[in-house]
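Here are some notes from going through the model, written as numbered points. Have the viewer open while you read, and take the points in any order after the opening one.

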Amino acid sequence: MTDKRMTGHVPGTIVLWAICILFILVPLASFLAYGFLPVIDNAIVYEPTLDNFVNIFSNSSYRTTFLRTMLLAFEVSVFNFVLGYATAYFIWRRPPAWRNALVIALAIPLLMSYIIKIYAMRGVLGTNGLLNSALLAFGVVDEPVSALLFNLTAVRITLSVVLLPFMVLPICVALERIAPQVLQAAADLGASEIQTFRWVILPLSLPGAIVGAMFTFVLASGDFLAPELVGGIEGFTFGRLVFSQFGLAFNWPLGAALSVLLMVVALAVISVARRLSNPRWQS
Amino acid sequence: MDAPDTDSRHEVAGDRTPLLRIRGLGVRFQDFEAIRPLDLDVLNGEFLTVLGPSGSGKTTLLRTIAGFQQPTAGRIEFDGRDIADVPINRRPFNTVFQDYALFPHLTVRENVAFGLRVRGIARATRDARVEDALGIVELEDLGDRYPAQLSGGQQQRTALARAMICEPRLILLDEPLAALDATLRRQMQKFLKVVQRRSGITFVFVTHDQSEAITVSDRICVMRSGSIEQIGTPRDLYYRPRSRFVAAFFGASNILEPCRIESTGEDTTMVSTPFGTIRVDGPPPRVREGLALAVRPEALVPAAGDACNRIECEVVSVSFVGSETITELEHSRTRHVLTMKTRSDPSTRQPVVGSRLEVGFDAAACALVKGARE
Ligand SMILES: Nc1ncnc2c1ncn2[C@@H]1O[C@H](COP(=O)(O)OP(=O)(O)OP(=O)(O)O)[C@@H](O)[C@H]1O
Ligand SMILES: [Mg+2]
C-alpha cells in the first residue's frame, strides 16, 4: 500500500522533498550551523567547535533560565490539559449546531495576530484591567492588584489563554471521532455515565489530548513575545534569552546554539507524544 | 385487541409466557410515523425475527425496545412491568449492533469483559466467564487482538459474546450478518441458532432477508411501513401468507388477481380468477372482497394431468439456473404471466419456447390473500 503510493508518484514525491529541503531544511540547518562557530573578539570564526554548548551548560544563569522555562511550559501544559479537556468535553456535549459554533469561536483567535492577543491579555491583567475590575466588583480585593502583571504568573496566564485552542481543538477532533454506537454499546452493557467516561470516552480521546499537550509544551517553551510583554524581569525565559542574543547582544552563534538546545527538547517531546498518541489499537 | 395474532401465536406459544408485551407502541419523528401503534408479544426463550423491507421500521422498533429511542405512544412491559422509566443501562437486554460497535481501544477479551467489569464482578470470576464466552464463539485464540485486527465474522462473534456474557433476558440483534459474505453468513446463522437454543436467551433478530429469517426463527414478524403485516412460524408465512405483500416477500410470486369467491365448502373454496376457476384447500377466508390468489412457482408442475387445478399456457422463456429451471408462461387466453420453477433433471426435456404447456397445481399449494387494494 505504502509502496504503491510512493512508486506511483515518483516525480511528485521528488518535487515535494526538494521543496522541503530547499526552503525549510537548508535555511534551518545553515542557521543552526552558526551554533557550532565560536566568536572571538566580536567576530565569528569559521572553525566548528562545541564551545558555545560548553559555555551554556557551565553558565548557571543559563541553566536556571532553561529549567524555569521548562517548568513554565510544563505547568502551562498540565493546566491547559485539564482546562482544555473540560472545555472540549463541554463543547462536544452540546447539540451539533452549538458545537460547530463553539469550535469556530475557538478557532478564530488562531487567525488573529499573536501580538494583538498578548496586548489584549496585558489589558486584561493590568491594574485597570478586566480581571482587576472583576475582582473589585466581587469584593475579592479592596484595591487593584498590581501583582497580576510583569511576573511569571502573568506569563503563565497569558500563555494558557493564548495556547488554549491548541489543546481544545485536537481533543474536540478525538471526541468527534468516537462513534455514537460505541457509547450506546457501553450504556447497553450496563455502564453508568461515569463508567462510560472513565473506560470509553477518556481512553479514546486521550491521544488527542496528548497531541494538544505536545503543541502547548513546544509552543510555550519557545515563546518569547508573551514573556517579553507581560513577564517583566521575573518572567525571563529561554525564548527571551535566545532573542536577546540575536537582537541585543548580536551574538548569533550563541543564539543559534541556544536554539539548537530548544529544538532538541521540542523534538524529544514530539517523539514521546507521537508514541503516546499512537496506541497499539489504532492500526 | 389484546391478541393481535392469536391463531399463529398459539402454534409456538404453547405454555410459554410473553417476556415482552408491547402494546400500542408508536414512534413518530416530527410528522413521520416510523412505527404505527402496534401490539407484539415476545415469548420467553423464542427466536423472533423482525423481517421487512428497508425503511419498514425494524431498527426503530429494536431501538425502542433497547431504550435508545423514546416511544411516542404505547408501552412496553417486561415480565409484567412497564419499563418506560428504566434507563438503558438498567434494562436486562443487550444489543448486538449492525456495525458491532466494539470498543476499538480494548482487546477482544476486554471487550467481552466490559459488561462484567461495569457490574464490579471480581477479576477471577470475570476471567473465567470471559474464557467461557470466548469458547462458545470460538475466539479463544484471538483474545488479545484489537477489533481493528479482526475479520467481520470475528468482530460479529465478539459482539455476540460481549452481549451474552451479561446473561441478559433478551438479546436484540440488528442485521448482525448483513456485512458478511454468503458462506460465513450461513455459518453464522446456524451458529446463532445453536447458541440461542443452548443459552435459552430470547433473541429478537432483525433482517430483511427472508431466507435468513426462515432458517433461524421460531417466529417471524413481518413489518411493512411501520405496521406488523403478519406474525407466525416460518411455515405459516411460507404456506399461509395472509397478504399479497407477505406472499411476494416469501417468494409466492404468482399472484392471480382479481379473485372472486364462487362457493365455499368446509375445507375448500372455489375461486374464479383470470386463469379460470381454481380450487383452494384450507379454511374459508374471513373476508370475501379484495382477494388475490398466491401460488408458489415451485408448486406448478408441467403436464400434470391429475392435478385438480390446470391452466393452459404458452412457454415464453426457459432459463436453466443450476439445480432449478425457471420457466415463464403466458396464459393462453388472457396473456397473464406465470412463473414456474422445476427441479432440473438431465433426463427430461426442457419445455420449448413458444410451445403450449398445461401446468397444474395442487389445491393445497395456493393461498388466498389480501389483494393489493385493501
Ligand atoms: N431519527 C430519525 N428521524 C427521522 N426519521 C427517521 C429517523 N430514524 C428513522 N427514521 C425513518 O423511519 C423509517 C424507519 O426506519 P428504520 O431505520 O427503522 O428502518 P429499517 O426497517 O431498519 O430499514 P433498514 O432495513 O434500511 O435498516 C425510515 O423511513 C426512516 O427514514
Ligand atoms: Mg435498520
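1. Let's begin with Asp41(B), which counts as buried at 5% relative accessibility. (Buried means under 20% relative accessible area, exposed over 50%, and partly exposed in between, with a 1.4 Å probe and protein chains only.) Asp41(B) sits in strand S2 of chain B, residues 32-43. Helices (H or I, at least four residues) and strands (E, at least two) are DSSP runs, numbered from the N terminus. Try drawing a line from Asp41(B) to Val204(B): the two are 163 residues apart in sequence, yet 11 Å apart in space, C-alpha to C-alpha.

2. Some ground rules before going further. This is a predicted model, where local features need pLDDT of at least 70 and side-chain atom pairs count only at pLDDT 80 or more, while totals for chains, interfaces and linings use all residues. Residues are numbered from 1 along each chain as its sequence is written, chains are lettered from A and ligands numbered from 1 in the order in which they are written, and side-chain values use heavy atoms, with hydrogens and water left out.

3. Staying in chain B, have a look at helix H2, residues 58-66. Seven of its nine residues are buried, so H2(B) is largely enclosed by the rest of the structure. Which residues are buried in H2(B)? They are Lys58(B), Thr60(B), Leu61(B), Leu62(B), Thr64(B), Ile65(B) and Ala66(B). Right after H2(B) comes Gly67(B), with a positive phi near 110 degrees.

4. Two residues other than glycine also have a positive phi. For Glu138(B) the value is near 55 degrees; this residue is in the loop between helix H4 (123-136) and helix H5 (152-164) of chain B, and at 55% relative accessibility it counts as exposed. For Ser225(B), phi is near 35 degrees. Ser225(B) belongs to the loop between strand S9 (219-224) and strand S10 (227-232) of chain B, and with 41% relative accessibility it is partly exposed.

5. One peptide bond to check by eye: Glu257(B) and Pro258(B) are joined in cis, with omega about -5 degrees. You'll find Pro258(B) in the loop between strand S11 (254-256) and strand S12 (260-264) of chain B.

6. If you were wondering about disulfides (a pair of cysteine sulfur atoms within 2.5 Å), a search of the whole structure finds zero over all chains. Cys308(B), for instance, is in none, and the nearest cysteine sulfur, that of Cys366(B), is 7.5 Å away. Cys308(B) is partly exposed, at 38% relative accessible area, whereas Cys166(B) is buried at 12%.

7. Now over to chain A and its helix packing. Two packed helices are described by the angle between their axes and the distance between the axes. Here the axes are lines fitted to C-alpha atoms, for helices over the stretch in contact, and angles run from 0 to 180 degrees between N-to-C directions. Helix H12 (residues 238-247) and helix H13 (residues 252-277) of chain A pack at about 155 degrees, with axes 7 Å apart. That makes H12(A) roughly antiparallel to H13(A). (Under 35 degrees is roughly parallel, over 145 roughly antiparallel, 65 to 115 roughly perpendicular, and the rest oblique.) The contact residues divide into 10 nonpolar, three polar and no charged. Ala, Val, Leu, Ile, Met, Phe, Trp, Tyr, Cys and Pro count as nonpolar, Asp, Glu, Lys and Arg as charged, and the others, Gly among them, as polar.

8. Next, helix H6 (residues 114-125) and helix H8 (residues 152-176) of chain A: their axes come within 10 Å and cross at roughly 130 degrees, so H6(A) and H8(A) are oblique to each other. Where they meet (contact means heavy atoms within 4.5 Å), the H6(A) residues are Tyr114(A), Lys117(A), Ile118(A), Met121(A) and Leu125(A), and the H8(A) residues are Ala154(A), Ile157(A), Thr158(A), Leu159(A), Val161(A) and Val162(A). By class, that gives nine nonpolar, one polar and one charged.

9. Last pair: helix H4 (residues 60-93) and helix H10 (residues 193-222) of chain A, whose axes come within 8 Å and cross at roughly 140 degrees. H4(A) and H10(A) are therefore oblique to each other. The contact of H4(A) with H10(A) has 17 nonpolar, six polar and two charged residues.
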